[in-house]
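Q: Please take a close look at a single part of this model, the interface between the chains. An account that then sets this part against the rest of the model would be welcome.

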Amino acid sequence: MKILKKVLLILMIAVVLYISLSRGVELKQNKNFSIIFIPKVVEPNNDFWNLVIEGASEAKIEYEIKLEVMAPEKEGSYEKQNEIILEAISKRPDAIILAAEDYEKTAPLAQKIKDNGIKLLIVDAGVKDQIEDVMIATNNFEAGIKMGSRIKKLLVDDGTVAIMSHSKMTSTAMQRESGIRVALNDREGRIVESYECGSDSDKAYENTIKAVKEHENLKVIAALNQYTSIGVARAIKDLNLVDQIKVVGFDNSKEQIKYLEEGIYDSITIQNPFYMGYISVEKAVKLLQGEVIEKNINTGSTLITKENMYIGMNQRLLFPF
Amino acid sequence: MSMIFTYFSLKLTKQTTLENSIKYMKELTEQMNYSIESYIKYMENISHMLNQNADVRNYLMLDAGTTEQKLAKKRVTEQIATTLNIREDIRNIAVIGINGRILLNNGVTINPYMNVREQSWYKKALDQKEGFAISTSHVQNIVEYEYPWVVTLSSAIQDKGGTSNIGVLLVDLNYKVIEDLCKRIELEDKGYIFIIDEAGNLVYHPNQKMIYSGLKTELITDVVKSKESYFITTKDNEEYLYTIAKSERTGWRAVGVVKTKALLTYSTIARNAYMVTISMLLVIAISLSIHLSKKITEPIRILEEAMKKSELGDFEAAEIEIVEKNEIGTLGKTFNNMNQKIHQLIKEKILAEKLKRKSELKALHAQINPHFLYNTLESIVWMSEGGKNKEVVKMTSELAKLLRQSISNGLELIPLYQEINYAKSYLSIQKMRYRDQLNYEIEVDPAIENVQIIKLIIQPLIENAIYHGIKNKETEGNILIKGYEKDEKIILEVEDDGIGMSEETRAHIFEEKETNLKKNGVGVYNVYSRLKLHYGQKAEMFCESELGKGTCMKITIVKEQEGEKA
């Protein structure tokens with residue numbers, strides 16, 4: 001009899017506990033992870049990174065975590081970024097989301113992040129040896145293929161191609177160029193020169209003028225990122241060579257969209273920055289919660305032309321609210 | 001009982017709550033729909049004003065460059081500017097003539113790379129002839145270098161007669177307006193409202209960036225297909241309520257989405273309240289029963305145990321403490337009394353038995369062999385007649401000693417030496433009678449001389465040895481009396497070399513027999529039973545005998561420890 005009474009007592013206590021706890025359980029989930037986001041740059045004109053950060057912020061709200069953005073005001077200096085990485089490590093976050101400035105020179109810092117027991121997610125641009133836990137980026141090789149296929153169509157007769165790259169040491173540039181070359185296939189030989197412009201529109205501008213001078217029969221210029229694309233477009237516009245030389249650009253700042261409409265760009269290949277930012281935070285949270293995440297996540301790219309720019313999804317991609 | 005009650009009450013509550021919630025959400029969505037509709041209507045009225053404006057017609061129709069046309073143009077421009085000024089929610093206003101004339105906002109340049117006639121809002125307006133065409137949210141690129149998100153209201157401008165189209169009026173509404181309208185409604189727990197147009201395109205959605213990026217999906221198809229004004233569906237393990245309100249005017253649908261869980265807060269609260277109440281009732285019930293058991297069941301059990309103990313004879317342990325003032329307590333008291341009485345009775349009985357034993361012992365003690373008395377007295381007479389005065393004196397004094405001892409002051413225990421003296425007296429008397437026929441020796445360890453033993457245990461054995469062992473022997477007989485300590489026991493032996501006894505006799509020697517009593521009066525049996533009565537297990541008696549050889553009687557008594565009572 002006594003045992004039965006005790007069992008009942010325990011049962012009843014369990015019921016009361018269950019009810020009171022079941023309310024509390026829902027709130028337990030995310031334990032307030034802290035994540036530091038290190039993009040390549042934070043500046044008002046860079047729509048790409050601003051959108052990435054916007055996506056990340058949206059995910060921050062969704063998953064109720066702490067997110068801090070640390071970045072230089074100008075793209076292009078790996079030293080500056082390394083400094084920032086060190087500072088970030090000292091803050092002891094649960095995870096760092098990083099867009100690596102230099103394929104080789106950022107690598108030791110990336111290793112340092114891992115050595116400190118912090119989860120590392122790479123967004124957009126990576127480092128050699130794939131030190132990161134997860135890589136979230138546009139498949140730049142694939143983007144390059146798209147560009148290359150387009151260029152192939154544009155190449156009539158024996159026209160030549162010049163490439164305006166932002167850096168020989170950034171993975172994004174390297175992969176895009178590689179994609180273009182592979183897509184061109186047997187026509188790869190038409191690429192007469194690949195110029196290094198840094199992330200500097202003015203440099204790209206100068207290089208464009210140089211390229212036009214140095215190579216006759218130049219029919220297509222491929223620009224591999226926002227800054228180089230803008231520089232090339234401005235130059236072509238100023239030189240009045242819109243009909244002669246087709247520009248296959250990258251990214252979609254406002255200025256670039258204008259150029260697309262004007263016909264200066266034959267096409268621009270755009271990425272999915274909002275999605276990239278959002279997913280990087282989402283995957284970071286899932287990784288910290290112990291889930292198994294795929295090593296490479298492709299956020300995709302789209303080739304936009306004047307014809308298809310206002311159509312359906314393209315409009316949304318091109319003109320995020 | 002309460003569980004069943006709760007279950008049904010909760011079910012009812014949930015049902016009612018859900019119905020009320022659906023009603024509430026529907027009203028909310030209708031309200032949103034109405035707001036948007038009103039707003040659009042309001043915009044249409046503004047457009048209408050411009051549309052019907054004579055100046056607009058003149059501007060479009062009159063020959064270019066004439067004063068009238070220029071004036072008309074000026075006035076239209078002013079009106080557009082004023083309207084734009086006053087209403088922040090209007091992004092663009094344009095008058096577009098079929099003939100190619102265009103007035104846009106404050107006179108800004110039209111985007112040269114855009115073909116107005118290709119635009120869907122333009123085409124729709126012309127197709128519709130009457131009324132307004134409303135677009136879904138889209139990017140408007142009519143103004144050079146600008147790419148705002150707007151909702152476009154377009155309508156055909158007609159000539160005075162109203163028969164043919166002469167142009168299109170464009171009014172772009174800031175997308176932000178719709179956004180603000182929808183955001184105004186606050187819904188619990190991430191509930192929201194979104195708007196789709198007739199075709200199912202998203203006009204507004206709070207998570208539109210996520211949807212366009214493919215990060216989230218919305219059940220737009222379900223909404224479009226739904227014939228009812230609401231439905232409940234499950235997505236990602238959560239149940240959602242969708243309420244739909246359609247505007248006939250615009251073809252738009254306002255959709256309210258909310259988690260049913262959030263709606264059922266009241267029933268959840270009720271459920272929790274019920275469960276807490278039940279749990280508390282259970283607690284009370286259980287503690288009540290525990291309390292009751294303490295008051296009743298437990299005391300009964302204690303009583304039961306005490307009775308068992310009493311039954312087994314453990315009267316002191318059976319005593320119970322009475323705490324209760326109730327019927328159980330009374331039972332307990334009665335039991336205690338009974339227990340004590342029994343205990344008392346048994347004590348008395350034991351006492352009585354003891355007394356009885358004592359008197360029995362005493363009675364036994366008094367039995368000295370009468371034959372021995374007679375014979376000794378006759379011997380004295382005979383010796384006296386023979387003039388043997390010394391022997392007479394000796395025998396008489398020894399006899400006196402014997403008698404004194406046997407009638408003595410009733411002490412049960414005497415020191416061993418006294419018992420030996422008694423035996424000596426007896427033996428000396430018997431020696432005087434049997435002379436050479438009887439020899440005896442006494443070997444007693446002086447160390448045990450003072451040990452207390454019961455009296456009259458050695459003499460009867462000696463008597464037995466003489467009458468049964470030696471008297472009928474042809475030759476002389478010897479008796480050896482030994483006393484020593486061994487293994488914590490006092491050993492007393494009476495050994496003779498008389499005629500001995502048969503095995504059968506020996507085996508039954510310690511039994512009470514009529515024949516024995518008649519012959520000896522006291523005898524072996526007497527000694528044996530007195531030993532047992534007094535010492536119980538602590539004394540033993542042994543008889544060894546062999547026909548023709550002799551007999552040995554042995555008494556062993558466990559030596560008393562200090563402080564023990566016999």
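A: The following account begins with the interface and then turns to one chain as a whole and to the salt bridges.

The model is predicted, so local features need pLDDT of at least 70 and side-chain atom pairs count only at pLDDT 80 or more, while totals for chains, interfaces and linings use all residues. Residues are numbered from 1 along each chain as its sequence is written, chains are lettered from A and ligands numbered from 1 in the order in which they are written, and side-chain values use heavy atoms, with hydrogens and water left out.

The interface of chain B and chain A draws 32 residues from chain B and 30 residues from chain A into contact, where contact means heavy atoms within 4.5 Å. The size of an interface is often given as the accessible area lost when the parts come together. Here the area buried between chain B and chain A is about 3100 Å², and carbon and sulfur atoms give 65% of it; buried area is the accessible area (1.4 Å probe) that two parts lose on being put together, summed over both.

Two salt bridges are found across the interface of chain B and chain A, a salt bridge being a side-chain nitrogen of Lys or Arg within 4 Å of a carboxyl oxygen of Asp or Glu. A salt bridge joins the side chains of Lys209(B) and Glu54(A), at 2.3 Å from N to O. Nine residue pairs, with both residues at pLDDT 80 or more, are in polar contact across the interface of chain B and chain A. For a polar contact, a pair of N or O atoms lies within 3.5 Å; within protein, one must be able to donate a hydrogen and the other to accept it, and residues adjacent in sequence count only if both atoms are side-chain atoms.

On the side of chain B that touches chain A, at least two residues each come from β3 (132-139), α6 (208-212) and α9 (265-312) of chain B. Helices (H or I, at least four residues) and strands (E, at least two) are DSSP runs, numbered from the N terminus. The largest share of this side of chain B, ten residues, is supplied by α9(B). The residues of the side of chain B that touches chain A comprise 15 nonpolar, 13 polar and four charged.

Chain B as a whole has 17 helices and 17 strands. Of its 566 residues, 45% are buried; buried means under 20% relative accessible area, exposed over 50%, and partly exposed in between (1.4 Å probe, protein chains only). In chain B, 63% of the contacts between residues at least 6 apart in sequence join residues at least 24 apart.

Over all chains, the salt bridges number 28. One of them pairs Lys283(A) with Glu294(A), with the closest N and O atoms 4.0 Å apart. These partners are eleven residues apart, Lys283(A) in helix α10 (residues 273-288) of chain A and Glu294(A) in the loop between α10 and β11 (296-298) of chain A. Lys283(A) is buried at 14% relative accessible area, whereas Glu294(A) is partly exposed at 44%.

In chain B, Lys74(B) and Glu78(B) form a salt bridge with the closest N and O atoms 3.9 Å apart. About one helical turn separates Lys74(B) and Glu78(B), because they are four residues apart in helix α3 (residues 67-86) of chain B. Lys74(B) is exposed, with a relative accessible area of 51%, and Glu78(B) is partly exposed at 45%. Arg87(B) forms a salt bridge with Asp89(B), the closest N and O atoms lying 2.7 Å apart, and Asp89(B) is buried at 11% relative accessibility.

Notes: Nonpolar A, V, L, I, M, F, W, Y, C, P; charged D, E, K, R; others polar.
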